[in-house]
Amino acid sequence: MKRRIKKVAVLGSGVMGSRIACHFANVGLDVLLLDIVPREPNESEKAKGLTVDDKAVRNRIVNDALTASLKSNPSPIYRKSFAKRIQTGNFKDDLKQIAHCDWIVEVIIENLDIKKSLFEKVEKVRKAGTLITSNTSGIPINFMAEGRSDDFKKHFCGTHFFNPPRYLPLLEIIPSKYTAPEVTEFLMDYGQRFLGKDTVLCKDTPAFIANRVGVYSIMALFHIVEEMGLSVDEVDKLTGPIIGRPKSATFRTCDVVGLDTLVHVANGLKAGAPKDEKNAAFAVPDYVSKMVEKGWLGSKSKQGFYKKVTGADGKSEILSLNLKTQEYEPKQRVKFATLEMTKPIEDLQKRMPVLLQGKDKAGEFYRKMFFSIFEYVTNRIPEIADELYKIDDAVCAGFGWKIGPFKTWDILGVENTLNQMKADGFSPAPWVEEMLASGSKSFYSQKEGAKSYFDLPSKTQKLIPGADQILDLDVIRETNTIWKNSGTTITNLGDGILNIEFHTKMNTIGGEVLAGINKAIDLAEAEYEGLVISNTGDNFSAGANVGMIFMMAVEQEYDELDFAIRAFQKTMTRLRFSSIPVVVAPHNLALGGGCEMSMHADKVVAHAELYMGLVEFGVGVIPGGGGSKEFALRCSDEFREGDVKINTLRNRFLTIGQAKVATSAYEAFDLGYLREGIDEVVVSRKLQLTRAKEVVLQMAKNGYTQPQPRTDITVLGQEGLGIVYVGADSMKSGAYISEHDQLISEKLGFVLCGGDLSEATQVSEQYLLDMERRAFLELCAERKTLERLESIIKTGKVLRN
């Protein structure tokens, strides 16, 4: 029978439980969130005359937890209204309601006896066939299943979400020895397709996969730091984005997670994995133990490896801990010759070999750190996983690493690195040499447009399951590239569909990107069926190349700037009016020009984690690549007979004027950047390109008709301008905005209203584009705009002048 999930029960509303409930609500499910009943009313409840029999008291714990979660930053919910999908209750009054749920997720305290007690109660009301899973991070799944009915055991397994569930994509699926294979298969597929997770099948071993490897890497690093006498600042400089890790690097990450949590997991692994050859690495170093004793646990205690203080001048400062003296000191500027050598190397895969070949202290540190991890993961197969790719997948998705240990080793060269490791006293598992002897010179390979891995039992390269069903630009780029320039690559996705990706810094849009887009459309119109615009960068696009605009403006090369803006507008217009369907697939940042590009596509297939906005106002200009025109067009389409049209105009004006940025794809609909009924959202980043290709192919098969430029856009003229000018003037008089902000507001209003027209008039897209471009150029000639542009380039921050 086809299993469908409509309603989920989440048992336990702590930090993880409430956020897991929010993520289920994010994807459209009804959620029942339950927790314990308080022992007694609190002082506030007593003052109101409430008792433990009142619902408000009985549900206080769950309601307070959910409220706190919804107020947290970053938000666990895609759209505030989605929280209405969550119903709260308590175990005593509402546990019977789980009979109407299709999946029950336990997220209570990490205590086996308490969990088993709850499962006993659940079994009495749970309907047969319902999925029942635990979010445990370390208690053996087999232990929790003991004593339960056959049906319970068959449908029970571990589902380990990582915190925060909305943002970290890892979902570890851990079957017990009783779990039915079809249950495991269902959860693996559902987690990826519906929850947007990178699902990894794990064995029921201590800490499963990600925490076993990730925590080992942190603990081993702690000992290396002590051995080499490195500082907190040095380590976080060495272990952050430079090696493809999060900005929080090592010690800042520990502060965020909580040092007590890390120590608890490390102690659990030391006790639970006595046969681990690196068991000693899980011993907590003295400097960490002292911090825990003092209560310096990180963010939760306001100090850990870092501490924020306020100086006599009222300015805040971040101090870092001296690990030897246990005293806080001003952060030190970190410089290593090895890091200096890699500054020009933006490609992470090209940067890694240089880092490990360093002759200074940084190079020595990298060799110790990576060789230790390489050695460790080889010895974890087949203990924690039979397939090596699962280890890479788990640590990347759970800890935010861009490349996993085995992939990193491939980049460095397996055989040469192995020889270096052995010379330095490391002992990787024998199977690595067996792999090389078998003829496989790397852990991964590419076969027939899909990714393969070295399979230990067969000693051959095998296709990663499902890899042939997912489009991956990193895999097909080498064989399917048909054209490229310095900023773009055009790839054949198959079935007559092309993809163009950007690879400029932050994927900003300059002349090379515009040339690439036009070339892609030329090729698609001549020989193919459609075009997708997507990329594998950290961000879709941070917008137009601000540096280029600043240089032309400061040199007063206004003819060249006019030409550049025209080229941008023409390229966006061509996206809209080409003879082939164009689908844009944005993710993460899609700002300024990246947003304008999306707004001119036939359809947008957006990743749920999308930060989209027209932010030009903050730079001192208005959207000049068709964004202002497009908002005027969409405003016109929203006008309804009998409605107060000024309200619609005001909403559109404020979205640009306040540089509003959507914090999810769903918010992008609310702000008008995406279109209801046309654009769509996918929660799986891995499946986004596959879906985008499906969409553009279907549009082509359905018979795509080339659109024609609009000439029926209603603008309000003086009626709208009056409101804009009065509003801007009152904001300036109240000192809410600067004089320059007032000027930008008036320029923006002038474009959205179609100029100084005596009455509401229908105009063309080109009419509005010309107005938009003139306003943009006029603002670029303003000194205050140049100051803002310069501030953005130098500091990355907007100057409010």
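This is a stop-by-stop tour of the structure you have open, with something to select at each stop.

Before you start: the model is predicted, so local features are taken only at pLDDT of at least 70 and side-chain atom pairs only at pLDDT 80 or more, while totals for chains, interfaces and linings use all residues. Numbering runs from 1 along each chain as its sequence is written, and side-chain values use heavy atoms, with hydrogens and water left out.

**Stop 1: salt bridges**

Opposite charges on side chains can pair when the charged atoms come close. The rule here asks for a side-chain nitrogen of Lys or Arg within 4 Å of a carboxyl oxygen of Asp or Glu, and the count comes to 49 salt bridges.

Select Arg 576 and Glu 630, which form one of them at 3.1 Å, N to O. Arg 576 belongs to helix α25 (residues 558-577) and Glu 630 to helix α28 (residues 627-638), so the pair ties together parts 54 residues apart in sequence. Helices (H or I, at least four residues) and strands (E, at least two) are DSSP runs, numbered from the N terminus. Are these two partners buried or exposed? Arg 576 is buried at 11% relative accessibility, and Glu 630 is buried at 2%. The scale: buried is under 20% relative accessible area, exposed is over 50%, and partly exposed is in between (1.4 Å probe, protein chains only).

Now select Asp 770 and Arg 773, a salt bridge at 3.2 Å, N to O. Both sit in helix α34 (residues 765-780), three residues apart, about one turn of the helix. Asp 770 is partly exposed at 21%, whereas Arg 773 is buried at 5%. Then add Arg 212, Asp 276, Glu 277, Arg 380 and Glu 383, which salt bridges with shared partners join into one network. Within this group, zoom in on Glu 383 and Arg 380, whose side chains meet at 2.8 Å, N to O. Glu 383 is partly exposed at 31%, while Arg 380 is buried at 3%.

**Stop 2: a cis proline, and another**

Step along to Ile 381 and Pro 382: the peptide bond between them is cis, with omega near 10°. Pro 382 is in the loop between α17 (361-378) and α18 (388-399). For another case, go to Asn 73 and Pro 74, where the bond is cis with omega near 5°. Pro 74 lies in the loop between α4 (60-71) and β3 (86-90). For context, most peptide bonds are trans, and most residues other than glycine have a negative phi.

**Stop 3: the three-stranded sheet**

Show β9, β10 and β11, an open antiparallel sheet in that order. Strands count as paired if DSSP finds at least two bridges between them. β9 (306-310) and β11 (327-330) are the edges, each with a single partner strand, so one side of each has no neighbour in the sheet. The twist averages 45° from one strand to the next; axes are lines fitted to C-alpha atoms (for helices over the stretch in contact), and angles run from 0 to 180 degrees between N-to-C directions. Four bridges join β10 (residues 316-322) to β11. To see one pairing, pick Ser 320 and its bridge partner Glu 329 in β11.

In the loop between β10 and β11, click Gln 326. Its phi is positive, about 60°, although it is not a glycine, and Gln 326 is buried at 8%.

**Stop 4: the seven-stranded sheet**

Next, display the open mixed sheet, in the order β15-β16-β17-β18-β19-β21-β23. The edge strands β15 (481-484) and β23 (680-682) each pair on one side only. Further in, two bridges join β19 (residues 582-584) to β21 (residues 603-607) in parallel, and Val 583 stands opposite Lys 603 in β21.

**Stop 5: the second largest pocket**

Finish with Ala 542, Gly 543, Ala 544, Asn 545 and Val 546, the residues nearest the centre among the 44 that line the second largest pocket. A pocket, on a 1 Å grid over the protein atoms alone, is an open set of points where a 1.4 Å probe fits, with protein on both sides within 12 Å along at least five of seven lines; lining residues have an atom within 4 Å of a point. Which helix gives the most to this lining? Colour α25: it gives seven residues.

Last click: Gln 556, in the loop between α24 and α25. Gln 556 has a positive phi near 55°, and is exposed at 57%.
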